[in-house]
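Q: Please take a close look at the site that holds the ligand in this model. I would like a connected account of what surrounds the ligand and of the polar contacts there.

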Amino acid sequence: MKGLMMDTPLLIKDIMQHAARCHGSTEVVSVTVDNPRHRTTLAEIFRRARKLANALQAAGIRRGDRVGTVAWNDYRHLELYYAVSCMGAVLHTINPRLFPEQVSYIVNHAEDRLLFVDPLVMPLIDALRPQFGTVERVIAMCDEAHLPQAANGPVTDYESFIAAGEDQFDWPDFDEHTASSLCYTSGTTGHPKGVLFSHRSTVLHNYAALIGDSIGCTRRDTILMVVPMFHVNAWGIPYAGPSVGTRLVMPGPKMGDGATLATLITEEGCTLAAGVPTVWQALLAHARAAKIKLSPLRRVSVGGSACPLSIMTEFRERHDVEVLHAWGMTEMSPIGTLNSPPRGFEDWPREQQDALRVRQGQPVLGVQMKIVDDQGNELPLDGRTSGIVKVRGPWICGSYYRPDEPSEAHAEQGWFATGDVATLEPDGTMTITDRAKDVIKSGGEWISSIDLENTVCGHPQVMQAAVIGVRHPKWDERPLLIVVPQPGESPTREDLLGWLGGKVAKWWIPDDVVFADKLPLTATGKISKLQLRQQYAGYVLPTA
Ligand code: ADP
């Protein structure tokens with residue numbers, strides 16, 4: 001027997017129309033090239049999105065066409081988010097920090113017809129322009145007065161582009177499986193791979209983002225959106241915020257700048273924030289040096305790489321801020337697991353609390369998970385056996401967009417192999433050992449670089465740490481620890497190896513320590529293990 005409920009399509013325009021009606025006066029604050037503190041409202045953003053949709057239509061954009069953005073977080077980018085997807089076209093968000101050859105590859109692979117570009121990124125796009133095969137127009141995201149120089153083709157400014165468009169637009173109805181946005185994963189080997197989100201997946205993921213222990217923003221909150229809008233749709237905040245009327249604060253190009261973030265938090269009254277761990281290291285270092293408290297911040301969502309315990313502890317002890325540790329990836333829209341402390345957690349002994357905090361948490365409702373061995377056999381959920389994590393669910397990538405070759409990750413029908421290695425407890429709590437490609441294999445056994453890094457980051461003189469596997473004649477690979485000390489501190493090799501003694505298995509202790517001023521970051525701001533492995537490829541360990 002079939003249920004008798006209505007079958008209305010799940011479309012992003014419903015988020016927009018709901019937000020316009022219920023939360024239209026909600027403020028959106030942005031840092032942009034033409035204004036260091038631009039203020040507008042959701043109602044105004046949606047009005048301009050209608051003008052933009054008319055302008056896009058006049059420029060020949062039709063359903064299914066790809067419209068690229070190479071931009072930071074600000075209100076114009078939000079207008080593009082809604083206008084492009086809701087008119088039935090596909091918003092292709094491009095990370096300006098990718099290597100130039102990756103940018104031209106993905107623009108051509110996606111066949112972008114228009115590119116909306118932040119003025120600061122225009123030099124990159126202008127230089128690449130002769131290589132773009134399908135781009136018809138480039139629009140700079142600023143007003144006429146701030147139009148950047150470009151040598152390789154005409155550029156229109158955003159304000160002139162939308163000026164002619166009517167501010168009425170009939171948002172069309174269509175199948176909820178229609179593509180809404182496209183985001184390429186950085187891909188450590190081979191070409192970047194396209195993840196094509198749909199209206200349905202975006203709306204369902206939005207409910208997951210709004211769960212209390214997820215992004216969990218409310219009408220009373222102001223969220224500092226540090227996670228870039230080119231990094232998996234800023235983890236869904238551009239939809240979740242407007243859905244419930246959360247005030248949005250967007251740092252534009254200043255997302256890596258601790259001082260700007262601290263100012264935005266205190267002056268704009270941000271209660272929530274979301275971003276990768278390296279951003280918080282910069283913010284906490286600034287707050288420490290400037291002796292300020294990050295009020296009224298109450299919770300920070302951290303994901304994208306393992307969050308060191310030291311970050312969580314400093315947030316809690318110095319700033320009364322809770323860290324929500326979450327795990328996910330582009331292919332998962334991105335939310336997969338949430339580390340949500342259980343009832344009575346506050347009464348647990350500190351050590352037990354910390355042991356739970358560093359884990360990646362339980363699957364969010366809607367995501368199913370299992371771990372498998374190399375042959376694909378399912379492994380026990382005993383909290384000890386580690387295997388490759390596979391996931392399934394309505395916001396998980398079913399296949400890549402026009403892949404160059406069949407994807408190994410989708411080899412098992414109905415499941416996606418994440419490439420992460422982890423253990424699962426009977427209650428689903430996941431602990432990531434490593435990414436499969438980062439795991440260190442010493443004498444046939446696995447050493448978790450994440451565990452080592454986490455422990456080293458707990459040393460008071462350490463700001464950042466990374467552990468990579470280096471060739472070893474006897475053990476195949478042995479761990480090398482690379483450390484960035486806190487400003488003004490100079491810990492020794494012995495201090496650090498001694499600190500690890502008793503905290504991790506003896507055979508996990510790195511064979512050597514290298515000190516560095518900074519660590520290389522990936523395009524999404526995470527510590528780049530790939531670059532570190534290349535940098536230290538020929539490193540000879542004292543034990544070798
Ligand atoms: P990329 O970093 O490859 O550009 P993603 O942002 O999609 O692309 O990264 C997803 C990967 O980040 C995951 O597969 C996982 O290895 C890592 N990751 C994300 N969150 C966490 C976390 N909380 N702990 C450990 N690793 C994480």
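A: The following account treats the ligand shell and then a sheet of the protein.

The model is a predicted one. In it, the ligand is surrounded by 16 residues, and S186, T330, D420, R435 and K526 are the closest of them. Sorted by class, this shell holds nine polar, four nonpolar and three charged residues. Among the secondary structure elements, strand β14, which spans residues 322–328, gives the most to the shell, contributing four residues.

Several polar contacts can be described atom by atom. For K526, an N or O atom of the side chain is 2.6 Å from an oxygen atom of the ligand. T330 takes part through its backbone instead: one of its backbone N or O atoms lies 2.7 Å from a ligand oxygen atom. On the side of Q360, an N or O atom of the side chain is 2.9 Å from a nitrogen atom of the ligand. Taken on its own, the ligand has 570 Å² of accessible area, of which the protein covers 91%.

Two of the closest residues, D420 and R435, lead to a sheet of the protein. D420 falls within the range of β19, residues 416–424, and R435 within that of β20, residues 430–435. The sheet is open and has four strands in the order β17-β18-β19-β20, paired antiparallel. Because β17 (368–372) and β20 each have a single partner strand, they form the edges, and one side of each is left without a neighbour in the sheet. On average, neighbouring strands here are turned by 45 degrees against each other, direction ignored. Between β19 and β20 there are five bridges, and A422 stands opposite I432 of β20.

Definitions and conventions. Residues are numbered from 1 along each chain as its sequence is written. This is a predicted model: local features need pLDDT of at least 70, side-chain atom pairs count only at pLDDT 80 or more; totals for chains, interfaces and linings use all residues. Side-chain values use heavy atoms; hydrogens and water are left out. A residue is near a molecule or strand if one of its heavy atoms lies within 4 Å of it. A polar contact is a pair of N or O atoms within 3.5 Å; within protein, one must be able to donate a hydrogen and the other to accept it, and residues adjacent in sequence count only if both atoms are side-chain atoms. Accessible areas come from the Shrake-Rupley method with a 1.4 Å probe; for residues, only the protein chains shown count as cover. Helices (H or I, at least four residues) and strands (E, at least two) are DSSP runs, numbered from the N terminus. Ala, Val, Leu, Ile, Met, Phe, Trp, Tyr, Cys and Pro count as nonpolar, Asp, Glu, Lys and Arg as charged, and the others, Gly among them, as polar. Two strands pair if DSSP finds at least two bridges between them. Axes are lines fitted to C-alpha atoms, for helices over the stretch in contact, and angles run from 0 to 180 degrees between N-to-C directions.
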